[in-house]
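Please open the structure in your viewer and keep the selection tool at hand. The tour goes one chain at a time and ends where the chains meet.

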Amino acid sequence: MVTTALTDLWFGFGVALEPHNLMWCFIGVLVGNMVGVLPGMGPLATISILLPLTFGIPPVGAILMLSGVFYGAQYGGAICSILLNLPCHPPHAVTCLDGFPLTKQGRGGAALGITVISSFVGASWGITEMIFLAPVLVTVALKFGPAEICSLMLLGLLAGSTLARGSPLKGVAMTVCGLLIGIVGSDIETGTPRFTFGIPNLFDGVEIVALALGLFGIAEFMKSVNQLSEVDTKYTKVTFKDLRPTKDELRRSWGAMFRGTIIGSLCALIPGTGPTIASFISYAAEKKISKTPELFGTGMIEGVACPEASTHSSVQGDFIPTMSLGIPGDAVMALILGALMIQGIVPGPQLISEHPDIFWGLVASFWIGNIMLVVLNVPMIGIWVKLLAIPYKYLYPSALFFVCIGVYSTGNDMFQVGETIVIGLIGYMLLLLDFHPAPILLGFVLGPRFEENFRRAMLISRGDSLVFIDIRNHPISAFFIFLAVMLIVVQLYVRLRKPKALIPELEMNAKPNAIAPVEP
Amino acid sequence: MFQTLFHKRDFYAGGLMTLLGAGVAFDSGTYDVGSLTHMGPGMFPLMLGVVLTFIGVLIFGTALVTPLGEDEHILPRQKEWRGWFCIIAGPVLFIIFGHYFGMAPATFMCVFVSALGDRTSTLLGSVLLGFAITIPGCALFSLVLHLPFPIFRWGF
């Protein structure tokens with residue numbers, strides 16, 4: 001078992017080290033790191049802009065690049081949080097709490113240095129977890145029939161929509177909307193056009209790039225325009241030399257780093273609890289076990305090391321359910337899955353055996369990419385810090401151009417640009433009504449497969465809808481449904497009985513939305 | 001009580017979802033629903049529509065039982081009409097200018113107009129930003145990536 005995994009990994013390194021794949025991986029992490037640093041740009045919008053550009057390149061390169069953007073952005077986001085106190089990248093919001101006080105004490109460089117080390121430790125653990133866990137999951141998942149797949153998707157969708165930020169009820173509503181948007185287009189079995197309003201351009205369904213760029217591009221720009229104040233760059237003079245932490249800081253960070261890593265890797269396995277939740281939980285845990293909890297928030301290096309390690313281990317771990325089961329845990333993973341589907345690759349447990357180059361190449365590229373990021377971040381810190389000063393008023397018009405041309409290039413069709421505008425307007429309306437649009441993408445990507453498997457399961461069971469909870473014939477499916485019910489019951493219980501337990505969650509919900517700088 | 005209800009976000013959020021769900025549920029009746037064994041194209045949307053209506057009613061219900069938030073507004077306190085208008089106008093002009101005049105004018109108009117949405121931006125600054133994006137942008141997409149979208153055209 002272990003040896004097969006290691007031989008496969010060796011093969012993966014062969015794929016990832018091919019010069020063109022290496023190049024795509026490098027471009028991905030470079031762009032990712034850059035947008036991570038820029039306040040007001042996120043990995044979601046960037047991946048959607050780059051997505052149409054990957055149509056022309058082979059699937060392996062495309063996936064390596066798009067994934068690189070995601071984990072590269074995590075490195076950049078930390079710089080933004082620590083030096084500017086801008087929690088514009090949700091997973092790093094908690095890093096502000098101790099990172100910025102450190103910056104004010106003149107130890108910002110050391111905090112960044114610790115961040116790079118903990119990120120690498122966290123990511124390495126997440127990758128190792130993927131190497132050994134994904135094949136095990138696959139051997140189980142290959143036995144799944146339509147009923148099991150359906151129940152698993154239901155569980156994934158419920159977890160993805162209720163555990164993410166915001167009200168769980170609204171999360172579920174957004175997921176259902178996503179499933180409905182996924183329905184638009186011709187029916188897979190009969191070819192009947194559904195919800196196309198008679199527009200021929202919609203017969204192929206809503207374009208995923210248009211949906212993502214409408215929701216995370218145009219709607220986000222409308223939300224942030226004139227809201228981001230000029231950033232205060234007075235603490236941002238950091239050079240290569242400043243990155244070196246002292247021996248004492250290093251000694252204090254190791255423990256925190258490993259605890260953060262473990263928490264992150266556990267969170268990654270539950271769909272819906274991505275890096276943001278992992279970093280908040282690990283910060284709270286670190287504060288609880290610390291001998292001096294009252295000092296947290298005043299510049300404790302542990303408060304930087306722990307959430308950063310858990311973010312990165314969770315980011316890498318997020319790929320496990322996506323690549324082995326075909327169930328994305330959050331919107332970014334949904335986009336990556338969408339990119340695979342555009343390339344004609346069917347996601348699911350058969351992916352590892354049918355396309356070993358993609359899976360193992362991706363795993364190997366994670367390591368290569370993370371090493372590249374350490375190299376990019378340590379000596380070039382001065383350049384990244386300069387990027388922090390780019391004002392939003394230059395950023396969003398440029399990004400809008402990339403949005404327009406990116407959507408246009410999906411089908412060389414202006415209709416798609418119009419579609420994006422309409423989706424953007426609806427997306428902004430949803431934001432105003434306190435909906436978080438991320439689950440829409442989750443539902444949209446899973447929708448068609450969910451419907452297909454649902455229909456098939458019902459056909460096989462001859463219309464008996466109890467097939468999903470039939471313990472004798474479909475124990476796995478029944479187990480997933482049981483978990484889904486438990487998920488709802490536990491959340492209801494917590495909400496009704498112990499509203500106090502939600503307070504950290506409320507803080508968490510408040511923080512990532514605070515796009516304007518917090519009191520410095 | 002009804003006075004405050006109209007100021008609540010969840011009132012509109014729930015209402016919107018209920019309407020959407022009900023609309024979908026009714027509309028899916030126009031497709032073949034089929035039976036549970038042989039589902040037609042209308043069955044899945046019908047089920048989703050019913051679920052969404054139910055959730056919408058629940059959200060609506062939370063609006064009834066929770067007190068009005070202290071700072072609850074549907075529109076943000078600062079209404080950025082100029083910003084919102086310019087951000088939408090940019091891509092709209094991209095479509096129009098792209099259709100009739102080609103990539104370069106479309107890019108310029110998109111960047112220029114959307115840049116005007118920021119309250120601190122000036123006319124000159126926006127023009128310069130427009131040129132600064134248009135020239136490398138068109139070079140990248142037209143010459144490097146070979147996007148089939150002419151830099152200039154006369155499409156009347």
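What follows is a list of selections, with a short note on each.

The model is predicted, and the stops below go from chain A to chain B and then to the contact between them.

**Stop 1: chain A as a whole.** Select chain A and switch to a cartoon view. Chain A has 22 helices and two strands. Its radius of gyration is 22 Å, close to the 24 Å that the globule rule gives for 520 residues, so chain A is as compact as a globular protein of that length. Along the principal axes, its C-alpha atoms fill a box of roughly 70 × 55 × 50 Å. Of the 520 residues in chain A, 59% are buried. Among contacts in chain A with a separation of 6 or more, 80% are between residues 24 or more positions apart.

**Stop 2: confidence in chain A.** Colour chain A by pLDDT. The mean is 82, and 92% of the residues of chain A reach 70 or more. Which element of chain A has the highest mean pLDDT, and which the lowest? Select residues 414–432 of chain A for the highest: this is helix 19, at 90. Then select residues 503–513 of chain A for the lowest: this is helix 22, at 45. Widen the selection to residues 502–520 of chain A, where pLDDT stays under 50. For this stretch the model has 32 contacts beyond four places in sequence. Where pLDDT is low, the predicted coordinates should not be read in detail.

**Stop 3: chain B as a whole.** Hide chain A and select chain B. Chain B has six helices and zero strands. Its radius of gyration is 24 Å, well over the 15 Å that the globule rule gives for 156 residues, so chain B is more spread out than a compact globule. The box filled by its C-alpha atoms is roughly 55 × 50 × 25 Å along the principal axes. Of the 156 residues of chain B, 38% count as buried.

**Stop 4: the two domains of chain B.** Colour residues 2–65 of chain B, which are domain 1, and residues 81–144, which are domain 2. The centres of domain 1 and domain 2 of chain B, taken over C-alpha atoms, are 39 Å apart.

**Stop 5: where the chains touch.** Show both chains again. Here 54 residues of chain B are in contact with 48 residues of chain A. Which helix of chain B gives the most to the side that touches chain A? Select residues 81–100 of chain B, which are helix 4; helix 4 gives the most, with eleven residues. By class, the side of chain B that touches chain A has 36 nonpolar, 14 polar and four charged residues.

How values were computed: Residues are numbered from 1 along each chain as its sequence is written. Chains are lettered from A and ligands numbered from 1 in the order in which they are written. This is a predicted model: local features need pLDDT of at least 70, side-chain atom pairs count only at pLDDT 80 or more; totals for chains, interfaces and linings use all residues. Two residues are in contact if their C-beta atoms, placed from the backbone, lie within 7 Å. Helices (H or I, at least four residues) and strands (E, at least two) are DSSP runs, numbered from the N terminus. Ala, Val, Leu, Ile, Met, Phe, Trp, Tyr, Cys and Pro count as nonpolar, Asp, Glu, Lys and Arg as charged, and the others, Gly among them, as polar. pLDDT is the predictor's confidence in each residue, from 0 to 100. The radius of gyration is taken over C-alpha atoms; the globule rule is 2.2 Å times the number of residues to the power 0.38. A residue is buried if 20 or more other C-beta atoms lie within 10 Å of its own, exposed if 12 or fewer, and partly exposed in between; C-beta atoms are placed from the backbone. Domain bounds come from an automatic or database domain assignment.
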